[in-house]
Amino acid sequence: VRGTSSDTPEPFDPNEAVRRAIDLTGHGVREAGMTLSERLDRQLPSVVGDAGRLGQVLVNLINNARDAGGGTISIVTDTLQKDGRTFVRIAVEDSGHGISAEILPRLFNSFVTTKPSGKGTGLGLRICRRILEEMGGRITAANRAEGGARFEVLLPSQ
């Protein structure tokens, strides 16, 4: 995985972007007293885009999961068949308090934050969505039945 962004989309292994994001956030997650687990599909196909920018998205999602509290963060990669196409799915789950019902529908809008006043700009998830859309993908958020939140990134495979 290249460490810098480029204007030319290239095929890359999304698991490498996940590993790099885990490397960059692991210390902060451990300092928060949380554990981070990963289950990465070894047969994951390549995606086309910018590995560095996908890494930025994942760092943001992991840091948000850390800030949500709870004890665990889980990252899973796999594939999904939809409309006759193969997509790479990256799920980031936490065991925190979840996302309030009034914020969930607006979560990817500008200036929406669940953080205390002065602790977030409310731009991170909006930027994540834009980056993923530029790569032909999308991001969704939902509360987990067992508590916490689940963010799911879908990117078309190469």
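Let's start at a charged pair: Arg 144 and Glu 146 form a salt bridge whose closest N and O atoms are 2.7 Å apart. By salt bridge we mean a side-chain nitrogen of Lys or Arg within 4 Å of a carboxyl oxygen of Asp or Glu. Before going further, please note that this is a predicted model, in which local features need pLDDT of at least 70 and side-chain atom pairs count only at pLDDT 80 or more, while totals for chains, interfaces and linings use all residues. Residues are numbered from 1 along each chain as its sequence is written, and side-chain values use heavy atoms, with hydrogens and water left out.

Back to our pair. Glu 146 counts as exposed because its relative accessibility is 60%; the scale used here is buried under 20% relative accessible area, exposed over 50% and partly exposed in between, with a 1.4 Å probe and protein chains only. Both partners belong to a network of salt bridges that links Asp 78, Arg 89, Glu 93, Arg 144, Glu 146, Arg 150 and Glu 152. In total, the structure holds eleven salt bridges.

Follow that network to Glu 152, which sits in strand β7. Helices (H or I, at least four residues) and strands (E, at least two) are DSSP runs, numbered from the N terminus. Is Glu 152 buried or exposed? Its relative accessibility is 16%, so Glu 152 counts as buried. Its side chain makes a polar contact of 2.8 Å with that of Arg 150. A polar contact is a pair of N or O atoms within 3.5 Å; within protein, one must be able to donate a hydrogen and the other to accept it, and residues adjacent in sequence count only if both atoms are side-chain atoms. Leaving aside neighbours within four places in sequence, Glu 152 is in contact (heavy atoms within 4.5 Å) with Arg 89, Ile 90, Ala 91, Arg 138, Ile 139 and Thr 140.

Ile 90 takes us inward. With neighbours within four places again set aside, its contacts include Pro 14, Val 18, Leu 54, Leu 58 and Phe 151. The largest nonpolar core has 37 residues, and Leu 54, Leu 58, Leu 61, Ile 90 and Phe 151 have the most contacts inside it. At least two residues of this core come from each of α1, α2, β4, β5, α3 (124–134) and β7 (149–156), and α2 gives the largest share, eight residues. Such a core is a set of buried Ala, Val, Leu, Ile, Met, Phe, Trp, Tyr and Cys residues joined through side-chain atoms within 4.5 Å.

Now look at helix α1, residues 14–31. Its 18 residues reach 26 Å from first C-alpha to last, close to the 26 Å expected at 1.5 Å a residue, where the expected span is 1.5 Å times one less than the number of residues. At its N-terminal end, Asp 13 acts as a cap, with a side-chain oxygen 2.8 Å from the backbone nitrogen of Asn 15. Among the buried residues of α1 are Pro 14, Val 18, Ala 21 and Ile 22, and their cover includes α2 (51–67), β4 (72–82) and β5 (85–94). Also within α1, Arg 19 and Glu 16 lie three residues apart, about one turn of the helix, and their side chains meet in a salt bridge (2.6 Å, N to O). Just after the helix comes Gly 33, whose phi is positive, near 80°.
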